[in-house]
Amino acid sequence: MPTVLSALAALALLAPPQSPESPRRVFSLNGTWEARHDPTDRGIIEGFPAGGPTDGWTRIMVPSVLDESEAFAGKDGIFWLRLTVPTENELPRGKRLRVVFERVVESCQVWWNGVEVGSHVGGDTPFSCDISGAVAKGKNTLVVRLTDRLSGLPSSMPMIGGIAGNVGMEETAPWTVEDVDIQCALGAAASVGVEASCHSLAPDGASIEVKTEIAPAAGGRGRVGVAHAHAPGSSTTRQSETLTIPNPLLWSPADPQLYRATLTLLRDGAVVDSKSVVFGCDRWESTAPRSPSTARRFPSKRRRTRATRR
C-alpha cells in the first residue's frame, strides 16, 4: 500500500519559541475593543476605516467570537472592530513594526490610521500587516473589517465570526524571517524540508547569512542537523534547505515526540533575527495513491494573504 507522509507544525504566535538573542519584541493588543455590525455594508462610505463615527459601537473582549456578545448574538455578515493604540515614541530608526493576528474569522481587511495595510482570507491561519510607515507618536487607530461568511456558502449555514485569536504588535530589525513551512519524508531517516521567507530592507543592500538548524524540541540528543546559506540584501527571497534526521522519533498521541526547526539570520556574524517552528514526524497509510502535488504541507494551503507595502 502507498505510504502517505506528513509533518505536523505548530506556531506559538505571541510567544514564539525563539533563540534568546532574537531581537523581536512583542506587545499584546488583547483586551477591550469596540465593535459594530454593518448589515448594509456602508462602513467604508461612512468613514469606519479612519475610526469614525464615534457612536453606535459596543465594547467587546479580544480574542472572542462575536456571538458571545449579547449585542451581536444571531447576527452575521460584516462587522467592524477598532482599537486605539497609544505609542509614546516614534518607531526607532532601522526598526520594523507589524500587527500580528493569530485568527480572524473568516476574512478581513485591516487599516492603521486610515491606511489599509493588509487583508487575509481564512480563519485558521495567522497573518501580519507591516505598519512601519504608518505609526504616529500619540494615538493610533487600528480598524478591522471582517466578514464571517465566505462566498459560496449557503445563507442558512450559521456562522461565527470575530477576532478569535491573539493580537499583538511585533517590533523587529530590518531583517526578518517569516512564513516557515515544514515538509517531511520518512524512510530509514527523515528528510525534512525547511522553507521560509527572508526579508531584508537594509539600505546598503548587504547580504545576510541564513542558518537552519533542527534539534529535539525538549532537549535530548542535541542538534541533529544544520545548514548555512546566504540571502541577497534589499529583497524578499524564499530560502529552502533539506536536513536529515537519522532514526527519527515519530509523533503519536501517546508519545508526542517533537523537533524544533530554527532559522537564524546573521549579519557580520551577529544575530539580527531568529524564528522557530515546532513539528512532529508521523506516518500513516492509505489504500489510494496520492500524487506528490497533494502531499500535506503546513501551515495550511488555505491561507491567502495580501499585504500593502509602504
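How many aromatic pairs does the count come to? The answer is six, where rings of Phe, Tyr and Trp (its six-membered ring) pair if their centres lie within 6.5 Å. Before hunting for them, some ground rules. This is a predicted model, in which local features need pLDDT of at least 70, side-chain atom pairs count only at pLDDT 80 or more, and totals for chains, interfaces and linings use all residues. Residues are numbered from 1 along each chain as its sequence is written, and side-chain values use heavy atoms, with hydrogens and water left out.

**Stop 1: the whole chain**

Show everything as a cartoon. You'll find 19 strands and zero helices; helices (H or I, at least four residues) and strands (E, at least two) are DSSP runs, numbered from the N terminus. Of the 310 residues, 44% count as buried, meaning under 20% relative accessible area, while exposed is over 50% and partly exposed lies in between (1.4 Å probe, protein chains only). Switch on a surface: about 15,200 Å² is exposed, and carbon and sulfur atoms supply 52% of it. Those areas come from the Shrake-Rupley method with a 1.4 Å probe; for residues, only the protein chains shown count as cover. Among contacts (heavy atoms within 4.5 Å) with a separation of 6 or more, 72% are between residues 24 or more positions apart.

**Stop 2: the aromatic rings**

Now select F48 and W80. Their ring centres are 5.3 Å apart and the planes meet at 85 degrees, so the pair is edge-to-face; planes under 30 degrees apart count as stacked, over 60 as edge-to-face and the rest as tilted. This pair links distant parts of the chain, 32 residues apart: F48 is in the loop between β3 (31–37) and β4 (58–62), and W80 is in strand β5 (residues 78–87). F48 counts as buried because its relative accessibility is 2%, and W80 counts as buried at 0%.

Keep W80 and add W111. Here the two rings are stacked, 5.4 Å centre to centre with 25 degrees between the planes. W111 sits in strand β7 (residues 107–112), 31 residues from W80, and is buried too, with a relative accessible area of 7%.

Next, bring in W57: ring pairs link F48, W57, W80 and W111 into a cluster. Then show R82, whose charged end sits over the ring of W57, 3.9 Å from its centre. For that label, NZ of Lys or CZ of Arg must be within 6 Å of the ring centre and within 35 degrees of the ring normal.

**Stop 3: an open sheet**

Select 175–186, which is β12, and 235–246, which is β16: these are edge strands, each pairing on one side only. The open sheet has three strands in the order β12-β13-β16, with antiparallel pairing; strands pair if DSSP finds at least two bridges between them. Twelve bridges join β13 (residues 189–200) to β16. To see one spot up close, pick A190, which stands opposite I245 in β16.

**Stop 4: strand β14**

Move to residues 208–216, strand β14, which runs antiparallel to β15 (residues 225–231) and is joined to it by seven bridges. Eight bridges join β14 to β17 (residues 259–267), again antiparallel. Click on E209: H230 stands opposite in β15, and L266 is the bridge partner in β17.

Last selection: T212, also in strand β14. Buried or exposed? T212 counts as buried, because its relative accessibility is 2%. Not counting residues up to four places away in sequence, T212 touches V194, G225, V226, A227, E241, L243, T262 and L263.
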